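Q: I've got a protein model open and I'm not sure how to read it. Can we go through some of its features together?

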Amino acid sequence: MGVAAEMDASAPWIDHPIAFIDVETTGRDPQNDRIIELGIVIGRGGVLQDPPFNWLIHPGRPIPPESSAIHGITDADVEGKPSFAEVAGEIVGALRSAIPAAYNASFDRAFVLAELERAGVRPSDPPPAMRREVDWIDPLTFAREVYKSEESRALGDMAARLGISLENAHRAKDDAAAALQVLYALARDPRVPRPYGSLIQEQRRLSRQQNEARKLWRRPS
């Protein structure tokens with residue numbers, strides 16, 4: 001359950017191609033906000049396979065100042081850039097035949113799927129990232145378990161903790177590359193399963209456990 005059918009679930013996930021995805025957006029609502037930058041980094045065997053993909057995208061609306069304050073992308077930066085629909089085919093191609101992954105994956109996945117739906121992209125043979133039955137690998141879930149005693153498991157803090165360079169935080173391809181390296185660093189911990197299928201099942205278990213814990217934290221006393 002949750003694995004890409006074309007990948008051997010019993011094989012080490014680190015040996016499979018992994019497409020690490022990161023998006024920068026106009027806000028936090030995938031139904032009303034838009035992607036303005038998307039980066040994809042492909043890894044396999046613990047190393048980066050190819051130069052990263054990166055697209056600046058015109059969202060068709062002004063970028064709010066509070067969003068620009070986070071990622072530094074302004075209306076001037078996306079002036080004349082293609083819409084998401086115009087680069088959707090390239091994005092789908094980059095994701096083909098790879099396990100999808102993202103740091104805090106629910107955010108990036110919701111935006112990518114919403115944009116593809118709006119663009120009317122429905123390939124007859126969709127890549128794993130587009131199939132709703134395929135789970136995205138999320139190293140944040142494992143960071144919360146392995147580094148549960150630490151105050152923060154944000155990507156920038158995890159990268160610094162593990163000695164991973166992240167010079168341009170909150171830019172898509174840089175965040176994607178750092179997150180890929182965080183995942184590979186976490187793979188050295190025995191609490192992170194090696195078989196692909198086992199990794200996804202353990203991620204599901206930890207995610208449920210962490211969601212329940214957050215509900216308890218938020219419950220009024």
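A: Sure, and keep in mind that this is a predicted model. Let's begin with a polar contact: the backbone oxygen of threonine 141 sits 2.9 Å from a polar atom in the side chain of glutamine 210.

Q: Where is glutamine 210, and what else does it touch, leaving out residues up to four places away in sequence?

A: Glutamine 210 belongs to helix 8, which covers residues 196-218. Not counting residues up to four places away in sequence, glutamine 210 touches Thr141, Arg144 and Glu145.

Q: Is glutamine 210 buried or exposed?

A: Here you look at relative accessible area, where under 20% means buried. Glutamine 210 has 11% relative accessibility, so it counts as buried.

Q: Threonine 141 came up already. Which residues of helix 5 are buried along with it?

A: The list for helix 5 is Pro139, Leu140, Thr141, Phe142, Ala143, Glu145 and Val146. That's seven of the eight residues of helix 5, so this helix is largely enclosed by the rest of the structure.

Q: What happens at the start of helix 5?

A: There, a side-chain oxygen of aspartate 138 comes to within 3.0 Å of the backbone nitrogen of leucine 140.

Q: How do I describe the way helix 5 and helix 7 pack?

A: Give the angle and the distance between their axes. Helix 5 (residues 139-146) and helix 7 (residues 172-186) pack at about 45°, and their axes are 10 Å apart. That angle makes helix 5 oblique to helix 7. You can add the handedness too: helix 5 passes helix 7 in a left-handed crossing.

Q: Which residues meet where helix 5 and helix 7 touch?

A: First, a general idea: an α-helix has 3.6 residues a turn, so residues three or four places apart point the same way. In this model, Pro139, Phe142, Ala143 and Val146 of helix 5 meet Ala179, Leu183 and Leu186 of helix 7. Sorted by class, this contact has seven nonpolar residues, with no polar and no charged ones.

Q: What about residues that are far apart along the chain? How do I read those?

A: Try phenylalanine 107, which is in helix 4 (residues 105-118). Phenylalanine 107 and glutamate 24 are 83 residues apart along the chain, and their C-alpha atoms are separated by 10 Å. If you skip residues up to four places away in sequence, phenylalanine 107 touches Val23, Thr25, Gly27 and Arg28.

Q: And serine 68: where is it, and is it buried or exposed?

A: Serine 68 is in helix 1, residues 65-71. Its relative accessibility is 16%, so serine 68 counts as buried. Leaving aside neighbours within four places in sequence, serine 68 is in contact with Ile63, Ile73 and Thr74.

Q: Now backbone angles. What should I look for in phi?

A: Look at the sign: most residues other than glycine have a negative phi. Asparagine 104 has a positive value, near 60°, and is not a glycine. Asparagine 104 lies in the loop between strand 5 (99-101) and helix 4, and at 30% relative accessible area it is partly exposed.

Q: What is the phi of histidine 170, and where is histidine 170 found?

A: Phi of histidine 170 is positive too, at about 65°, although this residue is not a glycine. Histidine 170 is in the loop between helix 6 (155-161) and helix 7. With a relative accessible area of 39%, histidine 170 is partly exposed.

Technical notes. Residues are numbered from 1 along each chain as its sequence is written. This is a predicted model: local features need pLDDT of at least 70, side-chain atom pairs count only at pLDDT 80 or more; totals for chains, interfaces and linings use all residues. Side-chain values use heavy atoms; hydrogens and water are left out. Axes are lines fitted to C-alpha atoms, for helices over the stretch in contact, and angles run from 0 to 180 degrees between N-to-C directions. Helices (H or I, at least four residues) and strands (E, at least two) are DSSP runs, numbered from the N terminus. Angles under 35 degrees count as roughly parallel, over 145 as roughly antiparallel, 65 to 115 as roughly perpendicular and the rest as oblique. A crossing is left-handed if the near helix is turned anticlockwise from the far one by less than a right angle, and right-handed if clockwise. Contact means heavy atoms within 4.5 Å. Ala, Val, Leu, Ile, Met, Phe, Trp, Tyr, Cys and Pro count as nonpolar, Asp, Glu, Lys and Arg as charged, and the others, Gly among them, as polar. Buried means under 20% relative accessible area, exposed over 50%, partly exposed in between (1.4 Å probe, protein chains only). A polar contact is a pair of N or O atoms within 3.5 Å; within protein, one must be able to donate a hydrogen and the other to accept it, and residues adjacent in sequence count only if both atoms are side-chain atoms.
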